[in-house]
Each structure stands twice: as C-alpha cells, then as structure tokens.
Amino acid sequence: MKIGIDQIAFATSDKYLDLTELALARDTDPNKFLIGIGQSEQAVIAKTQNIVTLGANAAAQIINDNNRDAIDMVLVATESGIDNSKSAAVYVQKLLNINRYARTLELKQACYAGTAGLMFARDFVASHPDKQVLVIAADVARYGINTPGEVTQGGGAVAMLVKANPQVISLNDDNVYMSDDVMDFWRPIYRSEALVDGHFSATIYQDFFKELWDRYRATTGHAINDFKAFAFHLPFTKMGLKGLREILPEATEDQQAALLAEFEASRVYNRRVGNLYTGSLYLSLISLLANGSVQAGDRIGLFSYGSGAEGEFYSATVEAGFKHGLQTDFNTLFANRTQVSVPEYEEIFADKAPTDGQNVMFDLTNDPNRFVLAGIQDEKHVYKVNI
Ligand code: HMG
C-alpha cells in the first residue's frame, strides 16, 4: 500500500522585507545575502500571527467538509510554541472545526520535527489504512536585529494531509536517521530569539548529510543516479547547495547539471520566505514539484535537519496527481504581500506579544489573513477568524 502526502499547502505572513535593502542598511554588499546566503526576501511576522494562525492558515487550504471528519490525528511540529503545556494542535483543531475524535499533539526537535510528524503519520496510516493525519510544520525564525543570523530569519507553515494512495508523493520507507547532542543552535525557554554557533551549525548540517547519505547508499543499495532530484532543509538556500555539492561528484556531468537545475527549482519559494524551521524542507518540496521538471514515478531524496541535532534522509516517489495536490497559489500569495522598509521591519520585530500576563487586544487592520491572533486576555490567546 502506498502512503504519503495527498495534499500540501503553505501560508506565511502578508509582509516581507527586501534583503538588498537590509544589506544596504547593515553596510553589507547585497551579493553576500543574494548569492553568498542565497536569500532575496524574508517574511516579516507581526504579533498578530503566530504558529497557530500560520498553521491554521496553511491547513485551511486543505481541510474541507469531505475530510474534516476523516482526520484521526493532528500533529503540529514547531520550535516556536506559544505554550509550554497545551499543544498548538488543539487550537488548530478548533479553528478548523476538525472533529473532536481526533488525537492532537505538538512535536519538538528544532527544524527536524516536521519530518518526525510525517513519519509518525505514515506509520499510523500503515496500521489504519482508512485514517488520515493532518501534519503541520509551523515556525517563526528569529535571531535578532543586526545579528549574523538576521538575514536567515523568516517564518510560515506547511500543512500536509497524509493518507493511503496519496496523489502528491508516496514515502518509500527507506529512512536513515541519526542524532547527537550538539550545541549548534538552541533557544532556552526564557528567550524569544535563538542562540546559534552559525558556522559550526553549517558544518554539522553538512556532516550529518554526508554521513546519512553514505548510510543510505550502504543500506539500500541506491546510488545518486537513481534520483531525479533532492530537496533539503533550507535554513538559507545556499546551505542546501552546500549539501548537494557534497555528493555531486558521484554523478556524471549531465546528471550534475540536471540535479543543479532541479535544486534551483527547489529553492524558488524559500528564497522569498526565509527559514521556516520545521516547514523549510516541505516548502522546498513544494517549490521543486511546482517549478522543477520532476514527473510521476521519479524518485526524489529529502534531507531533514534539526539543530541539536537530528538528521534524516529518505526517498519518496512522485505520484501521478501531484500537481492537483499542491493547494497554494504562489503567484497570488507573493503578489498580495506588502513590502515593509527596514525601519518598519525593525519596529514590527520589536513589537512582540506581551509575555508578562497583561491583557491586550491588537489592532488587526493591517492583518488580512484568515486566522489572526486578536490579543491576550486572562493569559489566554484570543484568536479571530476573518471571513
Ligand atoms: P556570516 O558569518 O555573516 O556569513 O554568517 P559568511 O561570512 O560565512 O558569508 C556567507 C557566505 O557569503 C559565504 O559563502 C561567503 O563567501 C559569501 P560560503 O563560503 O559559505 O559558500 N559572501 C559573498 N558572496 C557573494 N558576494 C559577496 C559575498 N560576501 C560573502 N560580496 C551564517 C552566515 C549562515 C553563519 C549566519 O547567517 C547564521 O548564523 N545563520 C543562522 C544559522 C544557520 O542558518 N545555520 C544553518 C545550519 S543549522 C540548521 O539548518 C538548523 C536551523 O534551521 C535551526 C533548527 O534546526 O532549528 C538553523
């Protein structure tokens, strides 16, 4: 039985920052950001959006009256959670009116947890083939104004409906994974911005990819020429290119050119959104499927990495109806975004939802998204639905 992603959708902020403008404001050559880092724009997330609203805005594109009652589990993967106890999945279930007999759970291991959610969903469907699982990977990436990581901020959510006989990709159950206690990136619970040992984190990412690729080849017997394309976790898009370059020498010259062309397709959307941690690999998957030349039956490789650190490499097969399962219209999404200036971005960045228990209601006139965080009352988040 084939199991995998039947529908996939994306949501982000309606505001973005142009990274050429950021480079100039930081007295940096724009080509460092555009080429050296591989990012051109960055989602700017106002306090009226958080992982719950982003997740709900993504999932709303795939939840409807036909599947609302069939969903047996809602998994939200995130490392920017809003509560140390209650899972974001419960809020999403309520906002989307998903049936009350679904399990709801939040998962955490840095950027890796979206992949854990996808694999837990696959294993669940394998033993309950009539069930469907909603997996959401939602995050807001914050490093701080004028930090080296600033250019790699961003945010958004990817929602995936996992079921038997999927129309987008089927998961081949050939995963290899590894984890190790590494302090490359972390965020203690009292901080809203991540701490990172930037260059070290990039080295660990590459080391994990190379080790897992070698392990994958040894355990499955597959080689690079079995793959039409690779999709990577893209904290910044140059990072995926560094990963791909680790294994390109194993391919012929023609294959190398083809794999590099598919890689370009896989980073089109990520270049304009930035890091969305758990959802990053899956935004790259959407970008590859929408902009590349992959076709039904092609094998693609996916590399998931979460600092701290955990890595996983697996393959998937593209299914015949894959274009129908891509639910987000990216032309409209990007066309509807509003560019903010560097001072406006800095103001939005500093204007955080309070964490000291005070009652507040936010001005929502500048947030056109369907689900918004309207405020905090009695230490409870208050959500609103724009019809
Ligand atoms: P930096 O030190 O400012 O940048 O920080 P750099 O000096 O290393 O330069 C970056 C690249 O730009 C280099 O290319 C330069 O040569 C190039 P590379 O050698 O790497 O190929 N460059 C130029 N290119 C063209 N024209 C120019 C020019 N100038 C320089 N004029 C760093 C970069 C990524 C370290 C920083 O932004 C950072 O700390 N980011 C956050 C950490 C991160 O994203 N790490 C990635 C791996 S860890 C991960 O993926 C997990 C994560 O998503 C979190 C999670 O799991 O939860 C982060």
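Me: A crossing of two helices is left-handed if the near helix is turned anticlockwise from the far one by less than a right angle, and right-handed if clockwise. What handedness does the crossing of α8 and α10 have?

Reply: The crossing of α8 and α10 is right-handed. The structure is a predicted model, in which local features need pLDDT of at least 70 and side-chain atom pairs count only at pLDDT 80 or more, while totals for chains, interfaces and linings use all residues. Residues are numbered from 1 along each chain as its sequence is written.

Me: What makes α8 a helix, and at what angle does α8 pack against α10?

Reply: Helices (H or I, at least four residues) and strands (E, at least two) are DSSP runs, numbered from the N terminus. Helix α8 covers residues 253-266 and helix α10 covers residues 280-291, so both runs satisfy the minimum of four residues. The two helices pack at about 115 degrees, with axes 7 Å apart; axes are lines fitted to C-alpha atoms, for helices over the stretch in contact, and angles run from 0 to 180 degrees between N-to-C directions.

Me: Which residues make the contact of α8 with α10, and how many of them are nonpolar?

Reply: Helix α8 contributes E262, A265 and S266, and helix α10 contributes S284, S287, L288 and N291. Two of these residues are nonpolar, four are polar and one is charged. Ala, Val, Leu, Ile, Met, Phe, Trp, Tyr, Cys and Pro count as nonpolar, Asp, Glu, Lys and Arg as charged, and the others, Gly among them, as polar. Therefore A265 and L288 are the nonpolar pair, and E262 is the charged residue.

Me: How do α6 and α7 cross, and what classes do their contact residues belong to?

Reply: The axes of helix α6 (residues 198-220) and helix α7 (residues 237-247) come within 10 Å and cross at roughly 40 degrees. This crossing is right-handed. From α6, A202, Y205, Q206, F209, K210 and W213 meet M239, K242, G243, E246 and I247 of α7. The contact divides into six nonpolar, two polar and three charged residues.

Me: Why is S192 called exposed?

Reply: A residue is buried if 20 or more other C-beta atoms lie within 10 Å of its own, exposed if 12 or fewer, and partly exposed in between, with C-beta atoms placed from the backbone. S192 has 12 such neighbours, so S192 counts as exposed. This residue lies in the loop between β10 (185-186) and β11 (195-196).

Me: Which residues does S192 contact beyond its sequence neighbours?

Reply: Two residues are in contact if their C-beta atoms, placed from the backbone, lie within 7 Å. Leaving aside neighbours within four places in sequence, S192 is in contact with R142 and K352. R142 is 50 residues away along the chain, and its C-alpha atom is 7.3 Å from that of S192.

Me: Why is helix α3 described as largely enclosed?

Reply: Nine of the nine residues of α3 (residues 51-59) are buried, so the rest of the structure largely encloses this helix. Among them are I51, L54 and N57.

Me: What makes β2 a partner of β3, and in which sense do β2 and β15 pair?

Reply: Two strands pair if DSSP finds at least two bridges between them. Strand β2 (residues 15-18) is joined to β3 by three bridges, so the requirement is met, and the two run antiparallel. Strands β2 and β15 also have three bridges, in the parallel sense. Together they form an open sheet in the order β3-β2-β15, with mixed pairing. The edge strands, each pairing on one side only, are β3 (41-43) and β15 (338-340). Residue L17 has Q42 as its bridge partner in β3 and V340 in β15, while Y16 stands opposite A43.

Me: How many bridges join β17 to β18, and which helix packs on their sheet?

Reply: Strand β17 (residues 371-377) and β18 pair over six bridges in the antiparallel sense. One bridge pair is Q377 with K380 in β18. Helix α3 packs on the sheet and touches β17 and β18, its direction making about 155 degrees with that of β17. The sheet is open, with the order β16-β17-β18 and antiparallel pairing.

Me: Where does UniProt place the "Hydroxymethylglutaryl-coenzyme A synthase N-terminal" domain?

Reply: An unreviewed UniProt entry places this domain at residues 3-164; positions are given in the numbering used here, feature names are shortened, and annotations may be inferred rather than shown by experiment. Over residues 3-164 the chain is 29% helix and 30% strand, and the end C-alpha atoms are 4 Å apart.
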